[in-house]
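Got the model open in your viewer? Keep the selection tool handy, and let's walk through it stop by stop.

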Amino acid sequence: MSDGIPCLWMRGGTSKGAYFLASDLPSDRAERDALLLSIMGSPDPRQIDGIGGGDPLTSKVAILSPATRPDADVDYLFLQIFVDEALVSDSQGCGNILAGVGPAAIERGFVGAQDGETPVRIHMVNTGEIAVARVATPGGRASYEGSATIDGVPGHHAPVPLTFRGLEGAMTGGAMLPTSNVVDVIQGVECTLIDMGMPIVAMDAAAFGLTGQEDRDTLDADDALKIRIEAIRLLAGPMMGLGDVAEKSVPKMTLVSPPQMGGVISTRSFIPHRCHASIGVFAAVSVASACILSEGPAAHMADLPDGATFRIEHPSGATEVVLDRNEAGSVVAAGTIRTARKLFDGLVFP
């Protein structure tokens, strides 16, 4: 390892992360995690001695390996590297880092690029589902240049359309509502505990004396708020079948409020102890799915669209997700458009 480890550093959606081949990392989990903590510079709020950016959104890892199932082209394991704790969590997936997996799989030779556009079937190891990314490959090479824009990322880049199926209860045992309830009351707060690719707890921001339009810094500085939200999270985790979540990054605690920018609903999502600068892809799908329930904090304030596209507002703008519903109104598939960009390809030193 002293000679360096091959690393592809990429922006995926509104996150940044290190993309590794599993074959370049230790097979022992404890050794691997220690190595990744060192690479990122954790635990340290600044991550000054590593490549992490001192923020959960820039302290992420994707590990790629040959596909272990016939309906996939590559296996993708997501790891959240905690910034100020010596913790590495695989208890969730990440739809933003997922946006970079398709291009990375082509860059690393898992998939041969077609001329024009190349579909990449990705086995999301954390949850067991398959995602399909469509990567721009003019001339048979992954391209990052294009006209697509997403809120929270400056500039324009090649679009990476992502589609998902089988998201219901992806991390909580197979049911969209792990407790079978549309509303659970936890410490006096009405909550919708829902998992459509990401376990979240949707709560009315007003229940905490908030408008739901507060900026990220204001929420991060409110210690009393974060203590109260964490107390609910620790109770919600076992209720959702996630066990003790004290050292896990799920469920995501999501404050919802009426939309202000023409979207379906406004959100402030905690990941889990800091407010997200935007919202994760799968969390956005879970929020959108909560909006179409019969009741609950999200359903009560959602301004539902005429079509299938749900704009989920967040501190940086909005994330669009598309819900494909059957005749009964149940969500059978979801999609979104992200972008990605290769930032560097080289060796990283622990």
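Start by selecting asparagine 126, which sits in the loop between strand 6 (116-124) and strand 7 (129-137). One thing to keep in mind on the way round: this is a predicted model.

Is asparagine 126 buried or exposed? Its relative accessibility is 17%, so it counts as buried, the cut-off being under 20%. Now show what surrounds it. Leaving out residues up to four places away in sequence, asparagine 126 touches Tyr76, Leu77, Phe78, Asp90, Gln92 and Gly93. Turn on the polar contacts and look at two of these neighbours. A polar atom of the asparagine 126 side chain lies 2.8 Å from the backbone nitrogen of phenylalanine 78, and the side chain also reaches the backbone oxygen of aspartate 90 at 3.0 Å. Try a C-alpha distance too: asparagine 126 and phenylalanine 78 are 48 residues apart along the chain, yet their C-alpha atoms are separated by 6.7 Å.

Next, pick leucine 98 and show its contacts. Setting aside neighbours within four places in sequence, you should find Tyr76, Ile122, Met124, Ala131, Leu162, Phe164 and Phe282. Which residues touch the most other members of the largest nonpolar core? They are Tyr76, Leu98 and Phe164, in a core of 85 residues. Helix 5 (residues 281-291) gives this core its largest share, nine residues. There is also a second, separate core of 18 residues, with Leu25, Leu37, Met40 and Val61 among them. As a rule, nonpolar side chains in soluble globular proteins tend to be buried together.

Zoom out to helix 2 (residues 95-107). Its 13 residues reach 19 Å from first C-alpha to last, close to the expected 18 Å. Look along the axis, though: there is a bend of about 30° at valine 101, and proline 103 follows within four residues. Colour helix 2 by accessibility and 12 of the 13 residues come up buried, including Asn96, Leu98, Val101 and Pro103. Just past the end of helix 2, check glycine 109, which takes a positive phi of about 85°.

Now jump back to helix 1 (residues 29-40). Its end C-alpha atoms are 16 Å apart, which agrees with the 16 Å that 12 residues should span at 1.5 Å a residue. At the N-terminal end, aspartate 28 acts as a cap, with a side-chain oxygen 3.2 Å from the backbone nitrogen of alanine 30. At the other end comes glycine 41, with a positive phi near 90°. Select the buried residues of helix 1, namely Arg32, Asp33, Leu35, Leu36, Leu37, Ile39 and Met40. What do they pack against? Strand 1 (5-12), strand 2 (15-21), strand 3 (60-66), strand 4 (74-81), strand 5 (88-89) and strand 16 (331-348).

Last stop: strand 13 (residues 265-270). Six of its six residues are buried, so strand 13 is largely enclosed by the rest of the structure. Show the side chains: Ile265, Thr267 and Ser269 point one way, while Ser266, Arg268 and Phe270 point the other. Then add the strands that pair with it. Strand 12 (residues 252-257) runs antiparallel to strand 13 over five bridges, one of which joins methionine 253 and phenylalanine 270. Strand 14 (residues 309-314) is parallel to strand 13, with two bridges between them, and here serine 266 has glutamate 313 as its bridge partner.

Terms used: Residues are numbered from 1 along each chain as its sequence is written. This is a predicted model: local features need pLDDT of at least 70, side-chain atom pairs count only at pLDDT 80 or more; totals for chains, interfaces and linings use all residues. Side-chain values use heavy atoms; hydrogens and water are left out. Buried means under 20% relative accessible area, exposed over 50%, partly exposed in between (1.4 Å probe, protein chains only). Two strands pair if DSSP finds at least two bridges between them. The expected span of a helix is 1.5 Å times one less than its number of residues. The bend at a residue is the angle between axes fitted to the seven residues ending there and the seven starting there. A nonpolar core is a set of buried Ala, Val, Leu, Ile, Met, Phe, Trp, Tyr and Cys residues joined through side-chain atoms within 4.5 Å. Contact means heavy atoms within 4.5 Å. A polar contact is a pair of N or O atoms within 3.5 Å; within protein, one must be able to donate a hydrogen and the other to accept it, and residues adjacent in sequence count only if both atoms are side-chain atoms.
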